[in-house]
Amino acid sequence: MATRNAPPQEYESDDDSYEVLDLTEYARRHHWWNRVFGHSSGPMVEKYSVATQIVMGGVSGWCAGFLFQKVGKLAATAVGGGFLLLQIASHSGYVQIDWKRVEKDVNKAKRQIKKRANKAAPEINNIIEEATEFVKQNIVISSGFVGGFLLGLAS
């Protein structure tokens, strides 16, 4: 069986149409970049005023809360709508549901989740400790984030 190779196509070189950005050189020229992302960045308390931290935390929290609200509504609508359609199809005779099998599968899933939860407990505790330490070091921006998140959920 012979294969046929396509003739090579010529591509135009667009070397002049873009510029490569060297981030190390950029960081040397822009000191704000080093303050935010540098090795000695440290906690937010050392870098920004209290008002700036509250604004940064509040705006990022509001964005997160707003997106969480929208995605949550969409997920709830999808799950509720799917359940409603399944119930209508079941009552109309289009779908027959073996509820004993569903119950058996749900109980099996519960047991598996409990086993995995017991194995994951040390990892979860480590994550909680790291998050608690971050919140302690950056209490102002964290409280701004929580306030903004709650406002985002409410809007």
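**Briefing: an all-helix model**

In helix α3, the buried residues are Q53, G57, G58, G61, G65, Q69, Q87 and A89. The model is predicted. The protein has 5 helices and 0 strands. From the N terminus, its elements run α-α-α-α-α. Of the 155 residues in the protein, 12% are buried.

**Helix α3**
- Helix α3 covers residues 50–92, a run of 43 residues.
- At 1.5 Å a residue, α3 should span 63 Å. Its end C-alpha atoms lie 61 Å apart, so the span agrees with the expected value.
- An α-helix has 3.6 residues a turn, so residues three or four places apart point the same way.
- G93 follows α3. The phi of G93 is positive, near 90°.
- V55 belongs to α3. V55 counts as exposed because its relative accessible area is 51%, and the cut-off for exposed is over 50%.

**Helix α5**
- Helix α5 covers residues 139–154 and has 16 residues.
- From first C-alpha to last, α5 reaches 23 Å. That is close to the 22 Å expected at 1.5 Å a residue.
- Buried in α5 are V140, I141, S142, G144, G148 and G152.
- L153 also sits in α5. L153 is partly exposed, because its relative accessible area is 31% and the partly exposed class lies between 20% and 50%.

**A contact across the sequence**
- V55 and G144 are 89 residues apart in sequence. In space, their C-alpha atoms are 6.8 Å apart.
- V55 is found in α3, and G144 is among the buried residues of α5.

**Nonpolar surface patch**
- F68, F145, V146, L150 and L153 make a nonpolar patch on the surface. The patch is about 460 Å².
- Helix α5 gives the most to this patch, with 4 residues.
- L153, one of the patch residues, has a relative accessible area of 31%. Patch members need over 30%.

**Positive surface patch**
- R101, K104, K108, R111, K115, R116 and K119 gather in a surface patch of positive charge.
- R111, one of these residues, is in helix α4, which covers residues 99–137.
- R111 counts as exposed because its relative accessibility is 53%, and exposed means over 50%.

Technical notes. Residues numbered from 1 in each chain as written. Predicted model: local features only at pLDDT ≥ 70, side-chain atom pairs only at ≥ 80, totals over all residues. Heavy atoms only, no water. Patch = residues over 30% accessible without salt bridge, like charges linked within 9 Å, V, L, I, M, F, W, Y side chains within 5 Å. Areas by Shrake-Rupley, 256 points an atom, 1.4 Å probe, with all protein chains shown as cover. Salt bridge = Lys/Arg side-chain N within 4 Å of Asp/Glu carboxyl O. Lys, Arg positive; Asp, Glu negative; His and termini not counted. Charge placed at Lys NZ, Arg CZ, Asp CG, Glu CD. Helix = DSSP H or I, 4+ residues; strand = E, 2+ residues; numbered from the N terminus. Buried < 20%, exposed > 50% of the residue type's maximum accessible area, 1.4 Å probe, protein only. Expected span 1.5 Å × (residues − 1).
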